[in-house]
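Here is a friendly walk through one model, written for someone who likes to check packing, pockets and backbone angles. Keep the viewer open as you read.

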Amino acid sequence: MVSTKEKQVKLNWINGEWLDSKIYRNSVNPATGEIIGRYADANQSIAAQGIRAAKSAFENSEWKENRHLRSRVLNELANAFETHAGRLIEMLSLENGKIAKEATMEISGVPSKLRYYAALVLTHSGRALESRPGAFSMVLEEPMGVAGIIAPWNSPVILMIRSLAPALAAGCTAIIKMPGQTAQINALICEVFASVMSLPKGVINQFTESGHEGAALIISSPDVLTISYTGSTATAKIMMANGAAHLKRFGFELGGKTPMIVFDDANLDKALPILEKAITIFAGQFCMTGSRILVQRNIAERFVADFTERLLRVKVGSAADPESDMGPLIDEGNLMRVDRLVEQAINDGAEVLLRGGKVLDRGLAAGSFYRPVLLRVTDNKMAIVQEETFGPVATVQIFDTAEEAIKLANDNPYGLAASVWSSHVDLPLRVSRKLDAGTVWINDWAKINDEIEEGGFKMSGLGRLNGLAAMHEFIQFKHIYHDAGI
């Protein structure tokens, strides 16, 4: 049950203060279409105030120089997210549509990221070299300055923190743009920020907008030197063009079209349940959704039969129903977009194994529910194979040899992730080395560690998030040469 306080208009959080735009929009439950709250839709003016606050905090506070303060704040943020976890999980399910397990998974992953970078702050250092007696070269790692963070609606909490934690650890201050689809969740995040007593004013500034004014200012402002964005490849291209005048540094995690390569010696008892989740988790609204299934011919018939049966049994329903396996898409517009892509694929010659589609059952018809779709294709150039669908839709392609599987998997503009399934000792690693993907899982999928980098090849992104390399997105290196005259 949402409290009376949470039904109030949600404001933006800038320089430690709640800021109203006087432009109000509704937040909607995608499972029912009902209004669950209102929010102050930010604009360029609010974004500008946030950038000024972040710049002032960077220049005038001890934040960038005091690593012990940064470590303490990151640990306190971790504690605060744990304290507020119940409310965040409840609101994530209500506003984002995630079933309880998925919402819990997202929120429970936040504290460990913050604590990892809290520890890294105290252990990360530059280096020094005595190039000859009395001549020293020192390499210092200095924060870039104000970091712009633009987060997506599909997993707003964890994906925002994934950028924010290394930015803060590096010593940057932040201006964060959050999506309008998750305004109520965004406001709860700001409450968490506000509860951290050691956090200096202006270090974190966050606003919510349904449009692009504020985000555009973050990209164009000369005061924001580095941008971390998770979202679409098309939007990232626009960002790069608009930020070129200031030679901005960009870190992108973008679209994906993850191939799941299943060899004939794979353990299907283990593979099938994971492949099911690879399509249905977050209703397929996940950049690593396993939407391209490549199956070796010897087991294709059995695989298709068993997998279709599994997808038929997926219970689509509200997060409020503990028996639901998959929640709704974020809104009706995205539902219609996904269905148009499916219809186009069928018209282009895809064979329907499971049509799925919009749920019209009584009690669910008002929501944005969409049953899984499975299509068999033979043309790798079809849009349904090449383009990100961002819904519970998968294609099946049949291959004969490992070389053919590699060729099919790599024949795609994206390269975020891939998965290889085989009981062979050496084959999966040999295949993995030849795949154009930033992450490859062998006999598993979507296993992500805070300590290990992730990111994309090709059109799936620039730079890396998680791990040590994530801090490099927010650091500039300074060389100081000192001749002591010995």
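The buried residues of helix α14 pack against β12 (259-262), β13, β18 (393-399), α15 (427-434) and β22. On α14 itself, the buried positions are Ala402, Ala405, Ile406, Leu408, Ala409 and Asn410. Please keep in mind that this is a predicted model.

**Around α14: a strand residue and a cavity**

One of the packing partners of α14 is β13, and glutamine 296 lies in that strand, which covers residues 292-296. Glutamine 296 counts as buried because its relative accessibility is 11%, below the 20% cut-off. Beyond residues up to four places away in sequence, glutamine 296 touches Val262, Phe263, Asp264, Phe399 and Asp400.

Helix α14 also takes part in enclosing empty space. The model has six cavities of 30 Å³ or more, and the largest cavity holds about 80 Å³ of space. Its lining is made of 15 residues, and Pro259, Ala409, Tyr414, Ala417 and Asp436 lie nearest the centre. Two or more lining residues come from each of α14 (402-410), β19 (414-415) and β20 (417-421). Sorted by class, the lining of the largest cavity has eight nonpolar, three polar and four charged residues.

**Serine 460**

Tyr414, one of the residues nearest the centre of the largest cavity, is also among the contacts of serine 460. Serine 460 sits in the loop between β22 (457-458) and β23 (461-462). Is serine 460 buried or exposed? Serine 460 is buried, because its relative accessible area is 0%, under the limit of 20%. Apart from neighbours within four places in sequence, serine 460 is in contact with Phe252, Glu253, Leu254, Gly255, Gly256, Tyr414, Gly415 and Leu416. With the last of these there is a polar approach to look for: the serine 460 side chain reaches the backbone nitrogen of leucine 416 at 3.1 Å. For a sense of scale, the C-alpha atoms of serine 460 and asparagine 60 are 400 residues apart along the chain and separated by 37 Å.

**Positive phi angles**

Two residues other than glycine are worth a look on a Ramachandran plot. Phenylalanine 282 has a positive phi of about 55°, and its place is in the loop between α10 (268-280) and β13. Phenylalanine 282 is buried, with a relative accessible area of 9%. Asparagine 466 has a positive phi near 70° and belongs to the loop between β23 and α16 (469-472). Its relative accessible area is 0%, so asparagine 466 is buried as well.

**Nonpolar cores**

The largest nonpolar core has 58 residues, and Phe81, Met160, Leu164, Phe193 and Ile204 have the most contacts inside it. Helix α6 (residues 156-170) supplies the largest share of this core, 11 residues. A second, separate core has 56 residues, among them Ala31, Ala278, Val304 and Val377. Back in the largest core, methionine 160 is a good residue to centre on. Setting aside neighbours within four places in sequence, methionine 160 is in contact with Ile149, Ala151, Ile176, Met178, Ile189, Phe193 and Gln206.

**Pockets**

The table sets out the class make-up of the two pocket linings.

| Pocket | Nonpolar | Polar | Charged |
|---|---|---|---|
| Largest pocket | 18 residues | 14 residues | five residues |
| Second largest pocket | 12 residues | four residues | nine residues |

About 970 Å³ of space lies in the largest pocket. It is lined by 37 residues, with Trp153, Tyr229, Gly231, Ser232 and Thr235 nearest its centre. Elements that each supply at least two lining residues are β8 (173-179), α8 (213-220), β10 (224-230), α9 (233-243) and α12 (332-347). Which element gives the largest share of the lining of the largest pocket? That is α9, with six residues.

The second largest pocket has a volume of about 540 Å³. Of its 25 lining residues, Met105, Ile158, Phe286, Ala446 and Ile448 lie nearest the centre. Two or more residues of this lining come from each of α4 (100-108), α5 (110-123), α6 and α10. Helix α6 gives the most to the lining of the second largest pocket, with three residues, and α6 is also the element with the largest share of the largest nonpolar core.

How values were computed. Residues numbered from 1 in each chain as written. Heavy atoms only, no water. Helix = DSSP H or I, 4+ residues; strand = E, 2+ residues; numbered from the N terminus. Buried < 20%, exposed > 50% of the residue type's maximum accessible area, 1.4 Å probe, protein only. Contact = heavy atoms within 4.5 Å. Polar contact = N/O pair within 3.5 Å; in protein donor to acceptor, adjacent residues only side chain to side chain. Core = buried A, V, L, I, M, F, W, Y, C linked by side-chain atoms within 4.5 Å. 1 Å grid on protein atoms, 1.4 Å probe; cavity = no way out; pocket = protein on both sides within 12 Å on 5 of 7 lines; lining within 4 Å. Points joined across faces, edges and corners; volume = space filled by probe spheres on them. Nonpolar A, V, L, I, M, F, W, Y, C, P; charged D, E, K, R; others polar.
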